[in-house]
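Work through the exercises below with the sequence and the 3D structure at hand, and try each task before you read its solution.

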Amino acid sequence: SNRAVVGVEPGSVMKPISMLVALEKGWVTPNTVIQTGQKYKYASGPAICDCSPVSSMPVWEVIERSSNIGMTKVVMPHLEYPQQFKECLTEIGFFEPMNLHIAGERVPRIRNLGNSNWDYIDASRMTYGYATEIPPIYTLSIYNAIANGGKYVRPRFVTKISGAGVDSVIPVSYIRDRICSE
């Protein structure tokens, strides 16, 4: 199957998406300072570490430094229950099927969380891209929306680009028929 539409654990590319949620919800501003440090033991789970730890940083630097501790501290104190993180992603349309008609296409998968201690630990890991399965096309589409000033544009497939614009857009049915016939 096509790797662009099959879920993989995204790792740190999830951090800007989590930050988008935190900023949209008003949990932080770009200048909010987060105390990070060497290690952070959250919900009695294994300690969360950063590759280049510092004592504190503004939230914009959490992304720049790719801080797992920072991202956990940006999101988790604002959740009333672990499942709320998934609900926030649902609100921004993250789980809506793209219906690209590519064989094996999946929507992002984040398991439902209850209120056990491990669910809090899992939610904290999800904020920085672990314990999730997200097809790269979904990550790309959210990044495109961020780059496009917050306006989401569904992915389009093109045969070629020349000059000032798109010469021809490939109809989704063409892609589906071609994949199915191979």
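**Exercise 1: a loop residue**

Ser55 lies in the loop that joins strand 3 (48-49) to strand 4 (56-58), where strands (E, at least two residues) and helices (H or I, at least four) are DSSP runs numbered from the N terminus. The model is predicted, so local features need pLDDT of at least 70 and side-chain atom pairs pLDDT 80 or more, while totals for chains, interfaces and linings use all residues. Residues are numbered from 1 along each chain as its sequence is written, and side-chain values use heavy atoms, without hydrogens and water.

Task: decide whether Ser55 is buried or exposed.

Solution. Begin with the cut-offs: buried means under 20% relative accessible area, exposed over 50%, and partly exposed in between (1.4 Å probe, protein chains only). Ser55 has a relative accessible area of 57%, and therefore counts as exposed. Then look across the fold: Gln35 is 20 residues from Ser55 in sequence, yet their C-alpha atoms are 5.9 Å apart in space.

**Exercise 2: a residue before a helix**

Task: find where Val13 is placed, and say which class of exposure Val13 has.

Solution. First, locate Val13 in the segment before helix 1. Next, take the relative accessible area of Val13, which is 35%, so that Val13 is partly exposed.
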